[in-house]
Amino acid sequence: MKRFEPFAIALFAALLAVAPLFLNTYQVDVLNSIGLYALLALSLNLILGEAGLFNMGHAAFYAIGAYTAAILNTRYQVPILWTLPLSGLIAGLFALAVARPVVHLRGDYLLIVTIGVGEIVRIALVNDVFGLTGGANGIFGISRPKLFGFVIRQPQEFYYLIWGFVALTIFLFLRIKRSRFGRALNYLREDEVAAEGSGINTDYYKLAAFGLGAAWAGMAGTLFAAKMTIISPESFSFWESVVLFMIVILGGAGSIAGILLAAFLVIGLPELFREFAGARMLVFGLVMMVMMVVRPQGLLPARGR
Amino acid sequence: MEEFIQQLTNGLAVGGIYALIALGYTMVYGVLKLINFAHGDLFTYGAYLGLTLLTSLALTDRLGFVLGIAVLVLMVMGLAAVLGAILERAAYRPLRESPRLSAVVSALGASIFLQNTLMLIYGARFQVYPDDILPTATLNFFGLYLPLMRVLIVLASVVMMAALYLFIQKTRIGTAIRAAAIDQSAARLMGIDVNRVILLVFLVGPALGGVAGLMVGLYYGQVNFTMGWIYGMKAFTAAILGGIGNIPGAMVGGLLLGVIEAMGAAYISIAWKDAIAFCVLILILIVRPTGLLGERVADKI
Amino acid sequence: MVNLLSLQHLTKTFGGLTAVKDVSFTVEKGAIVGLIGPNGAGKTTVFNLITGNYQPDRGQITFADTPLNGLRTHRIIMRGIARTFQNIRLFQQLTALENVLAGCHYRMRSGIVATMLRLPAQRREEQQAVERAQQELAFVGLNSHALTVAKNLSYGDQRRLEIARALATEPRLLILDEPAGGMNEQETEGLIGLIGRIQQRGVTILLIEHDMRLVMRVCEKLVVLEHGGKIAEGSPDQARSNPQVIEAYLGVEDEP
């Protein structure tokens with residue numbers, strides 16, 4: 001099984017690379033959505049999967065990235081892709097600021113607090129905080145991204161931007177996974193007392209997980225804003241956070257391959273069965289319950305657990 | 001002053017509803033150390049069941065307002081309790097020995113499932129309680145006019161809380177619940193059937209939560225299939241505020257949160273009303289995670 | 001002899017219960033000291049006070065002439081104290097090697113950026129850490145289990161893995177909480193040898209143990225606790241003949 005893994009990955013990458021040549025615009029658009037959710041779920045995975053910190057307010061960091069990009073672009077005419085580092089930075093700093101006082105809270109308390117933070121951010125956006133966010137209507141007129149003088153407009157073009165970023169993310173996150181930093185997050189997840197007792201500054205790594213995961217979600221937000229050209233608070237509701245949480249858990253916490261698979265299933269499948277779209281969440285709820293009994297480690301667990 | 005008292009009584013009415021829901025969270029947390037995420041949805045079921053029974057059986061027409069509502073309350077309590085027991089059996093019992101995360105995910109799954117079942121049955125739009133059944137009278141307290149419905153809500157929630165308090169403090173079964181909340185294995189050794197206690201908690205909590213849902217329907221006149229999660233979050237905040245696992249704490253926390261919210265909406269900003277409760281939640285967890293009436297417990301290493 | 005660790009008038013209460021009451025003792029450099037006493041005497045609480053898991057209500061903890069009071073646990077570990085836990089606390093889902101690498105963590109430097117760029121210094125550091133961890137695994141006799149997931153190890157191996165993880169922090173003082181707990185006779189023999197070899201590396205050892213044969217064979221000094229207070233301190237022979245100690249162990253059964 002192990003021997004076939006490189007081939008499977010190469011085949012998957014090759015299929016993704018040529019997919020737009022064979023698919024219609026709508027199908028490519030679905031793949032773009034999957035890519036964005038995969039990106040967000042990978043960023044949440046650092047916090048939830050690797051470090052074991054129950055974060056159910058991830059949409060807040062995503063929103064802050066998207067709004068930072070949109071505000072900079074529409075008010076100050078900063079080219080949208082140039083805002084990437086800054087929206088990542090601001091989302092990351094916001095996460096550090098909110099996580100700092102609460103990060104020591106035990107599992108499900110942290111979960112509730114992050115839900116609260118997510119809601120406060122959404123309410124703030126709806127209420128046009130600082131007169132910057134445009135209230136319930138959001139921000140429109142975000143300009144198209146430009147890359148080396150080439151304007152990205154078609155879904156096919158966005159496809160390569162989004163999945164290119166996904167590929168880069170996987171490349172970097174794999175490096176993190178196999179490093180001192182990645183291991184420290186795993187120690188936290190496995191046993192916080194033992195981690196601290198082995199000389200690891202657990203508070204620091206909890207914050208670092210939040211900061212890095214949020215920064216990445218913020219950058220995904222920029223891509224989202226660039227793709228949509230219009231953003232509003234309803235794109236960043238509690239249910240977005242739930243869907244992301246679900247992707248990470250269904251795929252297998254800590255497993256990059258599992259998260260990609262789960263993103264395809266959770267975002268892609270409902271598009272295939274559009275006549276049952278209303279029952280989408282119902283099925284998800286049921287799947288979550290059944291999975292926890294039958295296969296709590298996820299579809300493709302990180303290791304043969 | 002008039003405005004202040006109107007807000008205060010309104011806050012107490014909403015707070016009473018929060019408190020009734022909070023009791024369900026706090027009782028389950030006390031015994032299982034689990035946040036029952038689906039509890040808010042059982043509250044919504046209470047509201048919808050109440051609406052369906054009220055309109056289809058025409059209870060108030062046949063039995064008169066007081067008796068009709070009383071029968072309705074009992075029916076909603078019974079049905080919500082049955083749903084609670086089914087929920088416990090389906091979503092939580094299989095995961096009793098699993099890691100926390102599994103139980104949390106299952107609870108969330110149950111919540112999503114319940115909510116969307118309701119949506120598929122009733123549709124996504126607001127459902128309206130018939131306004132011709134409800135009393136619109138106002139009461140005159142020394143020149144202060146209070147809606148009758150508001151007064152009834154406050155009274156009903158206080159009566160129910162008092163009844164629960166007596167049940168927990170004075171009966172054998174209540175003592176068993178308290179014992180299981182303190183130390184499950186010790187309670188088991190003392191001959192308490194912990195499984196029965198858990199089942200009981202999942203009967204009583206949802207029964208109270210279901211009535212709270214009915215109250216919201218009667219008080220505001222309209223209900224929505226997603227309202228359970230926002231009410232649930234606020235009730236959970238109330239439970240934390242009072243000290244999770246602590247039954248009087250949930251009552252105090254609920255009433256307090258209702259008043260804080262009403263005052264915040266009136267004197268700060270109505271648009272930020274929902275954010276106020278979440279700010280209270282975060283503040284209390286930072287400043288005093290054991291809540292107002294909770295006791296500090298040392299972590300075992 | 002120089003004192004490496006000294007506890008002065010340590011007191012800790014939980015609610016109404018005084019778990020540790022005015023306990024003072026010293027651990028000399030290079031020694032193996034045993035902390036013994038009946039269940040519930042407060043031994044593990046003393047360990048948790050030393051490693052900063054609890055803060056004492058009163059009293060002073062001094063390690064290598066510097067006070068430890070108020071320091072967070074990882075800071076205390078960085079000062080040169082390492083520990084194991086009574087109810088084994090390994091990173092269950094991770095391999096033995098990864099478990100030991102946790103002990104190497106604080107001596108490493110590479111941050112997120114160096115990791116993402118995979119700078120030469122970061123790669124070298126990773127490689128060295130792995131070698132270091134392998135050495136510790138070999139030292140406790142687990143070199144063939146480097147890639148075994150911790151939870152799949154036998155009970156005795158898990159205890160030894162915990163010791164390897166603690167040793168990887170390169171401690172001056174190693175604190176062992178019931179290292180022979182759950183071990184069979186043969187494993188205990190191996191453990192006694194291991195403790196001797198750890199001492200030869202120049203590491204001072206403080207241990208809690210109920211297996212009296214182990215205690216009498218390896219410890220140079222014993223500190224006896226009962227009901228949170230110290231009732232005796234001295235050589236194993238002195239402790240064995242102390243009437244209070246005999247009563248604590250054989251006397252009235254008042255412990256739950």
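Two residues are taken to be in contact if their C-beta atoms, placed from the backbone, lie within 7 Å. In the predicted model considered here, A:Ile247 is, by this criterion and with its neighbours within four places in sequence left aside, in contact with A:Tyr37, A:Ala41, A:Ile259, A:Ala262, A:Ala263 and A:Val266.

A:Ile247 also belongs to the largest nonpolar core, a set of 286 residues, and is listed together with A:Ala41, A:Ala263 and B:Val211 among the residues that have the most contacts inside this core. The largest share of the core is contributed by helix 1 of chain B, which spans residues 2–32 and supplies 16 residues. Chain C takes part as well, since at least three residues of the core are drawn from each of its domain 1 (1–80 + 171–256) and its domain 2 (91–170).

Two residues of chain C are notable for their backbone conformation. C:Asp65, although not a glycine, has a positive phi of about 70 degrees, and is located in the loop that runs between strand 4 (58–63) and strand 5 (66–67) of chain C. With 9 other C-beta atoms within 10 Å, C:Asp65 is classed as exposed, because the count does not go beyond the limit of 12 or fewer that applies to this class.

A positive phi, near 50 degrees, is likewise found for C:His227, a residue other than glycine, and the loop in which C:His227 lies connects strand 9 (221–226) with strand 10 (229–234) of chain C. Here 17 other C-beta atoms are present within 10 Å, so that C:His227 is partly exposed.

Terms used:
Residues are numbered from 1 along each chain as its sequence is written. Chains are lettered from A and ligands numbered from 1 in the order in which they are written. This is a predicted model: local features need pLDDT of at least 70, side-chain atom pairs count only at pLDDT 80 or more; totals for chains, interfaces and linings use all residues. A nonpolar core is a set of buried Ala, Val, Leu, Ile, Met, Phe, Trp, Tyr and Cys residues joined through C-beta atoms within 7 Å. A residue is buried if 20 or more other C-beta atoms lie within 10 Å of its own, exposed if 12 or fewer, and partly exposed in between; C-beta atoms are placed from the backbone. Helices (H or I, at least four residues) and strands (E, at least two) are DSSP runs, numbered from the N terminus. Domain bounds come from an automatic or database domain assignment.
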